Amino acid sequence: MRKILRGLPALLAGLLLLPALAAAHTQPNDDVLRATLSNGLRVVIVPDRLAPVVTTEINYRVGSNEAPVGYPGTAHALEHMMFRGSPGLSKDQLSAIAAAMGGGFNADTTQTVTQYFFTVPAADLDVALHIESLRMRGINVAPAQWAQERGAIEQEVSRDLSNPEYVFYSQLLATMFKGTPYAHDALGTRPSFNKTTAAMIKHFHRTWYVPNDAILVIAGDVDPAAALARVKALFGDIPSRPLPTRPAVALQPVSAQTLKLPTDLPVGLVAVSYRMPGMTAKDYAASMILADVLGSQRGSLYALVPQGKALFAGFQYAAFPGAGLGFAIGAFPKGGDAQALLAEIDTTLAATLKNGVPADLVAAAKRNAIARLEFQKNSISGLANAWSSALAFQGLQSPDAMKGAIEAVTVADVDRVARAALDPQHAITAILTPQSSGKPIAGKGFGGAESFGGAPEGAVKLPVWAERALSRLEVPASTVHPTVTTLANGIKLIVQPENVSDTVQVYGAIRSNADLQTPPGQDGVGSVLGGLFEYGTRHLDRLAYLKALDDISANVGAGTSFSLAVPAAHFARGMQLLADDELHPALPPQAFAVVQMQTARALAGELESPGYLYGRAITKALVPAHDPTLREATPQGVMKLSLADVKAYHAKVFRPDMTTIVVIGKVTPAEAKRVVTQTFGSWKAQGPKPDVELAPIPPNAPSQAVVPDTTSLQDSVALVQNLGLNLKSPDRYALNLGNQVLGGGFYASRLYRDLREKSGLVYTVGTAFDWGLTRSRYSVNYGCDPDKVAQARALVVRDLKQMQEQPVTPTELTRAKALLIRSIPLGESSTGSIAGRLLYYAQMGLPLNESTLAARHYLALTAPEVQAAFKAWLRPDHLATVVKGPAPK
């Protein structure tokens with residue numbers, strides 16, 4: 001429950017789809033190669049040796065702002081069509097190449113910039129550049145192709161309009177930026193897509209997708225001079241063209257008003273929104289610092305939470321180039337008083353305007369913002385995004401400029417921005433009230449009698465430049481070679497030194513299972529404990545603990561999963577604070593009463609929310625009655641808990657001999673062991689190790705269930721079944737490989753082709769094996785209009801049965817192997833992914849080089865072995881079908 005509450009600000013900020021803080025990154029200028037080709041294409045190449053991986057990110061400085069009047073989704077439509085091939089590169093070739101490279105291949109459209117990014121093994125940089133050069137030259141956009149893609153893009157529109165928070169965001173834009181291009185987002189509408197023609201999309205591409213309006217960023221394990229030579233060879237002869245005049249952004253005064261909307265979240269939200277400076281404004285840095293100050297857990301807004309007046313409270317800020325949005329946000333329980341919370345937020349902000357922002361919080365916000373710059377070096381794709389954001393969105397020469405702007409911010413600057421922006425006479429207020437789902441009901445069946453013909457497509461002839469590069473298929477050499485130690489108290493310590501930044505990150509986990517370890521009658525005790533970690537330690541109260549973290553620009557998360565991100569110079573102090581919170585939480589009685597009440601009130605809404613009921617319906621479809629996973633916390637049960645119950649749960653579950661700690665960053669194994677021993681070494685286990693694995697369960701029966709969701713326009717569909725094998729079974733490799741053919745390869749998968757490309761039934765479809773030590777499950781998930789659920793399900797079942805009835809083709813097998821094997825280095829392209837992989841392997845009892853071992857298995861597998869595994873373990877006619885969406889009529 002506390003995770004839900006902590007995620008609320010990110011949920012709303014994510015709707016803005018803006019890389020506001022992503023530009024905060026520094027990189028030594030002498031390592032960066034900058035060039036502008038004769039046709040105007042700007043190129044920036046940023047080396048990063050974390051892993052043999054490279055990201056290309058091409059930024060076209062055009063978005064929905066430049067869309068023709070009445071056609072707000074034109075830029076978005078073009079983004080989709082860029083994946084349907086270009087002259088010299090067919091759609092099937094593009095799909096096959098993307099799948100074989102194993103990389104992240106995607107795009108996004110904003111109001112002012114459209115980005116295309118490719119993260120691939122470094123050896124495949126030339127292939128990625130070939131693709132982008134061909135796509136800049138032209139696209140295949142015949143009427144028939146657009147008609148197919150339009151079905152998928154309209155499903156995306158339905159998906160987003162089924163999100164009440166997105167509906168709020170859309171209305172907020174229309175109100176806050178009335179009369180400007182920012183008044184609509186980049187998504188587009190069904191009516192506009194129905195009017196859009198293939199010729200319009202092609203014209204938009206020819207007009208705006210030109211080298212003199214593009215910025216190409218290359219980041220990763222790359223030789224800058226050699227990379228630039230290839231860019232010149234592939235892009236240099238593309239002609240530049242004059243650009244049309246861009247629409248002006250003439251901001252009009254904002255009049256205060258209130259929006260009232262439903263939400264399918266388990267809690268209600270209030271948001272007070274303000275127009276703020278944009279990314280190109282001189283006060284952008286001061287606006288970021290103001291948002292950090294107002295959002296600080298030491299600040300007066302967040303103080304509403306420990307006072308019991310809000311389930312969550314904070315402040316978020318995101319910006320377009322020409323204007324920004326800031327909003328104070330608060331969460332209230334279902335049935336709670338939204339107006340009272342709004343009054344508290346208004347009073348708090350008014351006091352800030354009257355008294356000024358606290359100088360110590362401004363200083364802390366500046367330190368933390370500058371520290372974030374260093375942390376963004378820890379991801380190759382994040383590095384590319386940071387440079388793209390700085391150049392394409394902010395108009396800077398490098399992200400370094402943002403660091404200087406942050407350092408120059410004064411308290412007076414922050415106060416001035418606050419007085420100008422946080423004017424209640426020009427605020428847009430929103431109240432999102434939780435709407436209960438109806439009770440789940442048995443479905444009438446989703447099978448249908450549709451008949452689908454056609455076998456999977458055969459081999460695709462690749463261009464010579466791609467065939468030559470992608471013919472390599474070998475086990476990749478790993479750059480991860482950790483040092484492993486078991487401390488005297490049983491902690492497994494894994495250390496991976498990395499020198500790409502002056503930071504250290506720590507990820508830890510305690511193997512536990514609340515379903516098995518929670519005493520009878522105490523369901524929810526773990527959630528209450530989780531909410532109490534933020535109230536300080538036995539040595540430092542809440543505010544003192546937060547100040548200690550701010551002093552060293554550290555972030556800590558405590559619980560059965562815990563973490564630390566800290567500048568390398570403060571590693572020892574950061575570990576001291578982490579251990580203090582993890583092992584010696586204060587658990588003060590007054591805070592317990594507040595968190596207990598907040599948890600109970602939030603649960604009351606959660607138990608009736610569509611999302612919760614959807615997840616529970618899936619679980620019920622798979623497990624026997626009275627299974628431990630069906631345990632359910634209730635508001636009444638939580639209110640019966642005592643502080644002694646919480647303390648006993650902490651003492652019972654938190655054990656060093658069930659704990660793994662991964663340390664990664666600028667640290668030696670010896671130093672890491674010394675610091676971890678000093679801070680966690682005195683922790684002792686009591687009693688025998690607990691059994692935290694659930695008992696195996698029998699195969700599930702086929703079933704159907706519907707969870708009504710009155711706020712949705714689109715159905716979310718899960719097809720699930722449990723499996724009779726586990727994480728240690730050798731057959732999992734064959735199943736994983738076959739899953740790439742069926743649904744994991746995205747652009748080249750059978751389900752993607754059949755459900756999206758051919759039929760336009762869905763926007764996305766995903767398949768996954770969830771492996772456990774005693775239980776495993778298989779799932780297929782998609783979203784579509786209610787009248788398309790049966791047709792899409794029938795296609796899924798048909799394609800699953802084909803996997804059992806005949807071997808996959810040699811082309812599909814090779815493509816799937818290439819995707820899985822080439823994706824292995826990508827898992828080492830950020831320190832977070834490296835640590836997460838090591839932590840998972842250690843917790844599950846797998847070798848730490850499991851990725852390499854898996855690659856060897858994949859190389860050796862045959863098509864009959866894949867077919868045999870699907871036939872042995874999958875049961876297409878026994879899939880449980882669970883649908884969340886509009887109530888059946």
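This is a short walk through a few helix pairs, one sheet and three single residues in a predicted model.

Okay, housekeeping before the fun part. Residues are numbered from 1 along each chain as its sequence is written, and side-chain values use heavy atoms, with hydrogens and water left out. Because the model is predicted, local features need pLDDT of at least 70 and side-chain atom pairs count only at pLDDT 80 or more, while totals for chains, interfaces and linings use all residues.

One more bit on names: helices (H or I, at least four residues) and strands (E, at least two) are DSSP runs, numbered from the N terminus.

Let's start with the sheet. We have an open sheet of six strands, in the order β15-β16-β20-β17-β19-β18, and the pairing is mixed. Pairing here means that DSSP finds at least two bridges between two strands. At the edges sit β15 (483-486) and β18, each of which pairs on one side only. On average, neighbouring strands are turned by 15° against each other, direction ignored. As a reminder, strands of a sheet pair through backbone hydrogen bonds, either parallel or antiparallel.

So where does the parallel sense show up? Strand β16 (residues 492-497) and strand β20 (residues 659-665) run parallel, joined by six bridges. If you want a register marker, take Val 495, whose bridge partner in β20 is Val 663.

Now look at β19, residues 561-567. How many of its residues are buried, meaning under 20% relative accessible area with a 1.4 Å probe and protein chains only? Five of the seven, and that makes the strand mostly covered. On one pairing, β19 runs antiparallel to β17 (residues 503-510) over seven bridges, with Ala 509 opposite Ser 561. On another, β19 is antiparallel to β18 (residues 555-557) over three bridges, and there Asn 555 stands opposite Ala 565. β18 and β19 make a hairpin with three residues between them, and Gly 559 in that turn has a positive phi of about 145°.

There's also a helix on this sheet. Helix α26 (residues 669-680) lies across β15, β16, β19 and β20, and runs at about 145° to β16. For angles like that, axes are lines fitted to C-alpha atoms, for helices over the stretch in contact, and the angles run from 0 to 180 degrees between N-to-C directions.

Just past β17 we get Ser 512, in the loop between β17 and α18 (514-517). Ser 512 comes out at 29% relative accessibility, so it counts as partly exposed (in between the 20% for buried and the 50% above which a residue is exposed). Which residues does Ser 512 contact, leaving aside neighbours within four places in sequence? Gln 517, Thr 560, Val 653 and Val 692, where contact means heavy atoms within 4.5 Å. Ser 512 and Pro 690 are 178 residues apart in sequence, and their C-alpha atoms are 8.3 Å apart.

On to the helix pairs. Helix α4 (residues 91-101) packs on helix α5 (residues 125-137) at about 155°, with the axes 11 Å apart. That makes the two roughly antiparallel (over 145 degrees). The α4 and α5 crossing is left-handed, i.e. the near helix is turned anticlockwise from the far one by less than a right angle. From α4, Leu 94, Ile 97 and Met 101 meet Val 127, Ala 128, Ile 131 and Arg 135 of α5.

For the second pair, the axes of α28 (residues 750-758) and α29 (residues 789-805) come within 10 Å and cross at roughly 155°. α28 and α29 are therefore roughly antiparallel too. This crossing is right-handed. On the α28 side the contact includes Arg 750 and Leu 751, and on the α29 side Leu 795 and Asp 799 are among the residues involved.

Two single residues to finish. Thr 112 is in the loop between β6 (104-109) and β7 (114-121). Is Thr 112 buried or exposed? Buried, because its relative accessibility is 14%. Beyond four places in sequence, Thr 112 touches several residues, including Tyr 60, Arg 61, Tyr 182, Pro 321 and Phe 393.

Ala 408, in helix α15 (residues 400-408), has 53% relative accessibility, so it counts as exposed. Ala 408 and Thr 634 are 226 residues apart in sequence and 50 Å apart in space, C-alpha to C-alpha.

Notes:
Angles under 35 degrees count as roughly parallel, over 145 as roughly antiparallel, 65 to 115 as roughly perpendicular and the rest as oblique.
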